[in-house]
Amino acid sequence: MAAGVRRGRVDLGPLRRRDFSRARVLLLCVQALGREADRGRLVLLLDHCSGLGPRFVDRTDGRPPDPPRADAVDVTATQVRDLVGRLGDTESPPLFCFDAGYDAIALTDTLSDVAADIVVRIRDDRVFYTDATPPATGTVGRPRRHGDRFRLADPNTWPTPDVESTTTDLRYGTVKVSAWHGLHPRLGCRGHWAEHDIPPIVAGTLIRVEVEHLPKPTSATKKTLWLWAAGPGFNLDTCWRGYLRRFDIEHTFRFLKNTLGWTTPALQTLEQADRWTWLVLAAYTQLRLARDLVDDLRLPWERQRKPGRLTPARVR
């Protein structure tokens, strides 16, 4: 990690040799930084069954993208492509998780040549389409590009799921998951597709996740989770568990900001923000590595953890 601070990049060789050889699912989550002085992105390594908190493995700086007109999709795709190349050959493709602020369809199209899976949260009011039925022989006119409508908010438009799964989770109770393959949205020649005369057909998998209850009692309305998944190594169980595990990174960022002072300094330049971020990540990593060296001095309301399973916050 110290070498990564000096280079501005972490060596993924040990990560590839050690972690990807184990029989567990690892997730790479991209998190955009919201400060004006630091518009880079962090990439975190998550193990959805460890409970030890994420590890930071890469970060882009906040400098303007190259070319200057590149949008967020291009910047993100460049970082994903770079990480996959540095990871090398793995037993299964890495899974990148993105929140609803990312363009799921544009990422799928841009990363179509990358050996990686993506799962992106999407709004529950979107509309997708099946493949169009081939026209009958002798039909006059332009063939249809879109088939039957699939409205996420209207169960009457849903066909029979291609894959279904029901399981019990300690945090969410009974979890019902359904997936439909080969669906695509209707795209317009604007935004990411402004340079296309005819927008492409970008197909993927829609995943609906319905849980019995949330991890903690809340007065908020329980919402059904809709996900878009694409990539060569689709696995239904991995996708929905991976994205739910992504919520844990919010605790990590709160720890970085409130405890380690990530957003406390009034930084003026991109270089200062970049250097300070790497120092904070180095401190976080040291706390994570020290979990085997300390005893658990928990507060009365905190859950007891096994030796060597302390989070960085508990280590501190």
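Q: Which residues are linked with D237 in a network of salt bridges?
A: In this predicted model, the network of salt bridges links D169, D237 and R241. The structure holds five salt bridges.

Q: What makes R241 and D237 a salt bridge?
A: The closest N and O atoms of R241 and D237 are 2.9 Å apart. The cut-off is 4 Å between a side-chain nitrogen of Lys or Arg and a carboxyl oxygen of Asp or Glu, so this pair qualifies. As a general point, side chains of opposite charge can pair when their charged atoms come close.

Q: How are R241 and D237 placed in helix α5?
A: R241 and D237 are four residues apart in α5, which puts about one helical turn between them. In general, an α-helix has 3.6 residues a turn, so residues three or four places apart point the same way.

Q: Why is D237 called partly exposed?
A: Its relative accessible area is 34%. Buried would need under 20% and exposed over 50%, so D237 lands in between.

Q: How do you know that a side-chain oxygen of N235 makes a polar contact at the start of α5?
A: That oxygen of N235 reaches to within 3.1 Å of the backbone nitrogen of D237. A polar contact takes N or O atoms within 3.5 Å, so the distance fits.

Q: What makes helix α5 "mostly covered"?
A: Count the buried residues: nine of the 11 in α5 (residues 236–246) are buried. Among them are L236, C239, W240, Y243 and L244.

Q: How do you know that T238, in α5, counts as buried?
A: T238 has 18% relative accessibility. The limit for buried is under 20%, so T238 makes the cut. In space, the C-alpha atoms of T238 and L95 are separated by 8.6 Å, although the two residues are 143 apart along the chain.

Q: What makes the buried residues of α6 line one face of the helix?
A: In α6 (residues 249–258), the buried residues are I249, T252, F253, F255 and L256. Looking down the axis, these residues fall within an arc of 155°, so they line one face.

Q: Is K257, also found in α6, buried or partly exposed?
A: K257 counts as partly exposed, at 38% relative accessibility. That value sits between the 20% and 50% limits, so the label follows. As for its surroundings, the C-alpha atoms of K257 and V280 are separated by 9.4 Å, with their positions 23 residues apart along the chain.

Q: Why is the pair D125 and R123 called a salt bridge?
A: The closest N and O atoms of D125 and R123 are 2.9 Å apart. This is within the 4 Å limit, so the pair counts.

Q: What are the exposure labels of D125 and R123?
A: D125 is partly exposed at 46%, while R123 is exposed at 52%. The line for exposed is drawn at over 50%, so R123 passes it and D125 does not.

Q: What makes E210 and R208 a salt bridge?
A: Their side chains meet with an N to O distance of 3.2 Å. Within 4 Å is enough, so this pair is in. E210 is partly exposed, with 32% relative accessible area, whereas R208 counts as buried at 18%.

Q: What makes T108 and W228 a polar contact?
A: The two side chains meet at 2.8 Å. The limit is 3.5 Å, so the contact fits. T108 is found in helix α4 (residues 104–110), and its 12% relative accessibility makes it buried.

Q: Why does D74, in helix α3, count as partly exposed?
A: D74 has 28% relative accessibility, and partly exposed runs between 20% and 50%, so the label fits. D74 and H192 are 118 residues apart in sequence and 9.5 Å apart in space, C-alpha to C-alpha.

Q: How many cavities of 30 Å³ or more does the structure hold?
A: One. The largest cavity has a volume of about 30 Å³. Its lining includes L95, D117, I118 and C239, and β5 (117–121) and β11 (225–230) each give two or more residues to that lining.

Q: How does the lining of the largest cavity divide by class?
A: The lining has six nonpolar residues, one polar and one charged. D117 is in the lining and Asp counts as charged, so D117 supplies the charged one.

Notes
Residues are numbered from 1 along each chain as its sequence is written. This is a predicted model: local features need pLDDT of at least 70, side-chain atom pairs count only at pLDDT 80 or more; totals for chains, interfaces and linings use all residues. Side-chain values use heavy atoms; hydrogens and water are left out. Buried means under 20% relative accessible area, exposed over 50%, partly exposed in between (1.4 Å probe, protein chains only). A polar contact is a pair of N or O atoms within 3.5 Å; within protein, one must be able to donate a hydrogen and the other to accept it, and residues adjacent in sequence count only if both atoms are side-chain atoms. The arc is that of the directions from the helix axis to the C-beta atoms. On a 1 Å grid over the protein atoms alone, a cavity is a set of points where a 1.4 Å probe fits but cannot get out, and a pocket is an open set with protein on both sides within 12 Å along at least five of seven lines; lining residues have an atom within 4 Å of a point. Grid points are joined across faces, edges and corners, and a volume is the space filled by probe spheres set on the points.
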